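Dear colleague,

I am handing over the structure we spoke about, with the sequence, and my notes on what was found in it follow below. Please read them with the model open beside you.

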Amino acid sequence: MADIQTQRLDELGSAIRLALREDRIGLPRAIHWLVRGPQGTALIDGILGCIDTIFDCPRGDVRSVDGPRCRLILARWVGGQTATLSAAYGERAGLIDLVVLGSRGSLVYRDIGER
Amino acid sequence: MQRRRVLLAGGDYTHQEQYARHFAADPRCVLVGVTDLPGISVSRHVANRALAERFHIAHLRYEEALVQPCDIVSVCVAMADRARVACDFAARGRHLYLDKPLAPGLAHAAAIAEAVGMAGVSSQLFSQVHTHWAQAARSAIRSGRLGPIAAVHMRMLIAKGPWGDVPDVARAERPTIEPIPPEPVKREMFDLGYYPVALLSWLLERPVRTVTAQTGNYFLAENFVADAEDFGTMLLEFEGGVVATVACGRIGWESHPGKGFVEVVLSGTETDERFAPDGAQLQVNTSARPFLPPGNPRDPMGMWDGTLTGMHWPETRPIELVVDPPTADIRAFLNALDRHQEPEITAAAGARHIAVLEAAYRSAASGRPEPVTDHTLQR
């Protein structure tokens, strides 16, 4: 059975793509995405793959910085888009905090996870 | 009690519009005049005179202002002129209230910090540290309830400016803080990126050592045409291993129901916690008239108080339960003077912030993490 947080991230990706198909916020330009949970930095590849489908163009370089039990990512896409991502380890399914900035609006999602 | 005499360097169409109002509102102060350097543009001269007339104070030539008896100078002149003005008045024993960012580069910023230190005067740079939510974040860190802080994240994304046609292309990054473009745009990783750099450095009480950064032109056609980014993002590595993400920029009037995404998330080993001016707010659901941005062609970004006064905000705009008094920062400066205490964000700190921002531009151009130069400046 899929991890709850992974499932929620998949759901998020679907919802964001729906918003873009419906032209709710114009063209997606920048993303700031925070996540914390038992999978920690293992979530990064999946999230970057999700962002690939959001920006819908090839990914460029990915730069990373490691912190205490977390990894920060600054990635670029060939259309000039950027995403900044933080994935941290937490014992409980925790924080998902996401802002997608479009050329004519934004999408926001916040989930503080289990307490 | 004798009131502190405040001289205003710089006038309308700058943050001096609010600084003047806040100094004037404090019973400990009296405004004594407005000044600027000789040789400024006609538009700046007119803006300075307008501020002087509105407050019924003298509009002084610079030579007159240098000998004008005063205790405090609020420095809000053009970026390229700040070092000269700040150094001139510090040398004459005036305390300095400084607009942000401090200067267009580290050399200028360091000169201001040195002049302040040599003169032994007090200095404070405008920042967000005296807001209720920044103070709450600091309290949370000091309480230890989050556990040791591993990472911090800040968004400073201001919902201002008219959306325009901006192509999907990567910016040609420059390794330096290029000359500030003329109105009505700003270089936003520099201008808005200052806030997270200052606040996070203050919260963590340690310096930034390395920066990885990128800029973009995403939302505002005026910025694209002026080749000035409207967005910047940074990864910061602090002394001791704490790391941070920053997203900053001017994202358009209707990108957010309120003022924008202004928030800090603290990630400790135990848990995360968010701090923001809209942490507690009343949501308003109703039909709303179409949003009408301000019609000031000189300030389409709504940067200045005069533009925003009387502007129609949508009826659906959320209402924050806790509103910081707008005078909080200046009041803190005056309190520090009264108590002979060092302000929280001094010129020396401001110079460190410029060093971080310079590293950010170098990183955006190089595609690599860049070290912050000059660790000799003390907070």
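Over all chains of this predicted model, the count of disulfides comes to zero. For A:C57, the closest cysteine sulfur is that of A:C50, and because the two sulfurs are 14 Å apart, they are too far from each other for a bond. In chain B, B:C76 is likewise in no disulfide, since the nearest cysteine sulfur, which belongs to B:C70, lies 16 Å away, whereas a pair would have to be within 2.5 Å to count. B:C76 is also buried, given that its relative accessible area is 2% and that the cut-off for buried is under 20%.

Turning to the nonpolar cores, the largest has 101 residues, and those with the most contacts inside it are B:F23, B:L200, B:V211, B:M234, B:L236 and B:L266. Helix α12 of chain B, which covers residues 347-366, gives the most to this core, with 11 residues. If you would like a place to begin looking, B:V211 is in contact, beyond its neighbours within four places in sequence, with residues that include B:M234, B:L235 and B:L236, as well as B:V356, B:A359, B:A360 and B:S363; B:R368, B:P369, B:E370 and B:V372 are also among the contacts of B:V211. A second core, separate from the largest, has 28 residues, among them A:I25, A:V35, A:I54 and A:A87.

As for the pockets, the largest holds about 1500 Å³ of space. It is lined by 47 residues, of which B:Q18, B:F126, B:K160, B:K259 and B:D305 are the closest to its centre. The elements of chain B that give two or more residues to this lining are α1 (16-25), α6 (132-143), β7 (149-158), β11 (260-268), α10 (305-308) and α11 (328-338), and the largest share, four residues, comes from α1(B). By residue type, the lining of the largest pocket divides into 22 nonpolar, 12 polar and 13 charged residues.

The second largest pocket has a volume of about 680 Å³, and of the 37 residues that line it, B:Y13, B:A78, B:M79, B:I180 and B:E183 are the closest to its centre. Two elements of chain B, α2 (42-55) and α7 (188-191), give two or more residues to the lining of this second pocket, with α2(B) giving the most, namely four residues. The lining of the second largest pocket divides into 17 nonpolar, seven polar and 13 charged residues.

With best regards

How values were computed: Residues are numbered from 1 along each chain as its sequence is written. Chains are lettered from A and ligands numbered from 1 in the order in which they are written. This is a predicted model: local features need pLDDT of at least 70, side-chain atom pairs count only at pLDDT 80 or more; totals for chains, interfaces and linings use all residues. Side-chain values use heavy atoms; hydrogens and water are left out. A nonpolar core is a set of buried Ala, Val, Leu, Ile, Met, Phe, Trp, Tyr and Cys residues joined through side-chain atoms within 4.5 Å. Buried means under 20% relative accessible area, exposed over 50%, partly exposed in between (1.4 Å probe, protein chains only). Contact means heavy atoms within 4.5 Å. On a 1 Å grid over the protein atoms alone, a cavity is a set of points where a 1.4 Å probe fits but cannot get out, and a pocket is an open set with protein on both sides within 12 Å along at least five of seven lines; lining residues have an atom within 4 Å of a point. Grid points are joined across faces, edges and corners, and a volume is the space filled by probe spheres set on the points. Ala, Val, Leu, Ile, Met, Phe, Trp, Tyr, Cys and Pro count as nonpolar, Asp, Glu, Lys and Arg as charged, and the others, Gly among them, as polar.
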